[in-house]
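Visitor: I'm new to this one and would love a close look at a single part. Please start with the whole chain, then zoom in on one helix.

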Amino acid sequence: MDAASGLHSGAPAPNDLEAFWMPFTPNRAFKKTPRMIARAKDMHYYTPEGRAIIDAVAGLWCCNAGHQRDEIVKAIQDQAAELDYSPPFQFAHPRAFQLATRIAALAPGDLDHVFFTNSGSEAVDTALKIALAYHNIRGNGARQRLIGRERGYHGVGFGGISVGGIVSNRKLFGGLLNGVDHLPATYDRSKQAFCRGEPDWGAHLADELERIIALHDASTVAAVIVEPMAGSTGVLAPPKGYLERLRAICDKHGVLLIFDEVISGFGRLGFAFAAERYGVTPDMICFAKGVTSGAVPMGGVLVREGVHEAFMRGPDHVIELFHGYTYSAHPLACAAGLAALDLYEREDLFGRARRMESMFGDAFQALRDLPNVLDIRTIGLVAAVDLAPIDGSPGLRGYRALEHAFHEAGMMLRVTADTLVATPPLIVSEAQVGELADKFGKVIRAVA
Ligand SMILES: Cc1ncc(COP(=O)(O)O)c(C=O)c1O
C-alpha cells in the first residue's frame, strides 16, 4: 500500500485503458487515440468533453428507438426498484410472459413461442440446439447437419461461428461443429453493383441448397440458417425470390429454416421482421438488439407452433428442453423490451423506416462518384459503401474513415474492412439523413 496515495502499489491509475480487452477492436490503435462516449440522447452521442457525435449506426444496429428515451429509462428504473431478479428456471415474473406475447404478435404466421436469451449469439446457439433436439425427439436423430452461408454472421458462440461464413471469426478456433456445410454468398458485384433494395440477380443461388442436400442426403440435414439480409459482412440484401426458394427446398426435404434477424428485426427493413417484408415464414427467428432498443442485453428465438409442440410431451413434471440461461427474461430486459415495443408502436417507427427507405437510398446512392467508391447498397434504413482497399493494407482505409468520422466529422459509423455502413436509429429525420450522407461524403474524400 502506498501510504501517501492510499492505493495498493501497482493499482491502476484512474482511467487506465490497459485492463479492458476490447471486443472486435484493434486494442493498441484504439488506446492510442480512444473514441470515448460519455452519454447519449436521441440521435446523438456525446464525448466526455461534451462534443456531439451523430449516431449513424444505432449504436451497433440496436438502438432503433434512439438513445435515452424517457419511456425506456423510466421502465428500467421502475423495474429495478420493484424486482431486481427472479430465476427463470422453475419460476417466472409476469413481464416475461407479457413480452413474449407481444413479440409473438409481431411475428408472422404461427411463430408463437419465444425462448429468451441475453444476446444474439445465444439466440443462434439456442435455435441450432432446438433444431437438433426437434429432429431427435421425433426419431430423426440422424438429422444433425447444419447449413449456413458464406459471409454469414451469427455471433461468436461455437455454433454461430460454425455456421457463420467469416473466415477471421473461424480460422483460429479449431474444428468447430462437425458436419456443417455452407451455401454460397449471394453477392456478386459484377451483377449487382449500386443496387437499391433486393438485387434482381442471384435467386438461383438458393438452388445450391438442393445440391448440398443431395450430397449429404436429406435424412442427415437438420436446419438451414441465414440472415435474410447479411448485415455484418457489408449489407447483402437477398436477391429477389431467393428466400422463397430456400423455404420451398427446406419444405421439400423436411429441413428447418432459421432466419437470423438479430439485425433485421424490429424495423430495420421497414417491418417488424424481414420475414414479413419477404412474405416468407421460417421455422425459427433469432432476435436480439432492437428488442430492448439496446438498453438492456436481451435476445431470443421465436419458434413455430409445430416445432414447439413437438417438445410438449412426456410426463408433466419433466423439463422439455434442457437449455436456458440464468438471465433469460431478466426483469430489467423485459421492462426495457415492453417500453421499446410501446415506443415502436406509438411512433410507428417500422412504418417510418419503410416510408423513408426511398429518400434514404437516394441520399446514399448519390455518393457513387466519390473517390474509391466501388459499390453502394441500400435497403430499408441501411446503407453500405464499399471503398477500394489501400494496396497491401486491406482495412486501413476503413479504419481511417472510422477515426476521421469520429474525431473530425462528429459521426459514429461502422466499418467492416473497407466498407462503411450507416444504419441509424429509426427516429432519424430527413434533415439528419442528409447530414449523415453529407458527412459520409466528407469522410470518403478525407481518406482518398
Ligand atoms: C445476424 C447476427 N446474428 C448474431 C449476432 C450476435 O449478436 P450478439 O453480439 O448480441 O451476440 C449479430 C450481431 O451483430 C448479428 O448481426
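Guide: Let's start with how much is tucked away: 55% of the 448 residues in the protein chain are buried (under 20% relative accessible area; exposed is over 50%, partly exposed in between; 1.4 Å probe, protein chains only). Keep in mind that this is a predicted model, where local features need pLDDT of at least 70 and side-chain atom pairs pLDDT 80 or more, while totals for chains, interfaces and linings use all residues. Residues are numbered from 1 along each chain as its sequence is written, and side-chain values use heavy atoms, leaving out hydrogens and water.

As for overall shape, a compact globule of 448 residues would have a radius of gyration near 22 Å, and the protein chain agrees because its own value is 22 Å (over C-alpha atoms; the rule is 2.2 Å times the number of residues to the power 0.38). Its C-alpha atoms fill a box of roughly 65 × 60 × 45 Å along the principal axes. Within that box sit 16 helices and 15 strands (DSSP runs: H or I, at least four residues; E, at least two; numbered from the N terminus). Of the contacts (heavy atoms within 4.5 Å) with a separation of 6 or more, 73% join residues 24 or more positions apart.

Now for our close-up: helix α13, residues 331-346. Its 16 residues should span 22 Å at 1.5 Å a residue, and the end C-alpha atoms are indeed 22 Å apart (the expected span uses one less than the number of residues). This helix is mostly covered, with 12 of its 16 residues buried. Among those buried residues are P331, C334, G337, L338, L341, L343 and Y344, along with several alanines: A333, A335, A336, A339 and A340. What do the buried residues of α13 pack against? Their partners are α3 (70-82), α4 (94-106) and α14 (349-365). After α13 comes D348, and its phi is positive, near 45 degrees.

While we're here, take a peek at helix α12, which covers residues 305-311 and includes F311. That phenylalanine counts as buried because its relative accessible area is 8%. Setting aside neighbours within four places in sequence, F311 touches I130, A133, Y134 and I137, plus E320 and L321. There's R138 to look for as well: it lies 173 residues from F311 along the chain, yet their C-alpha atoms are separated by 9.1 Å.
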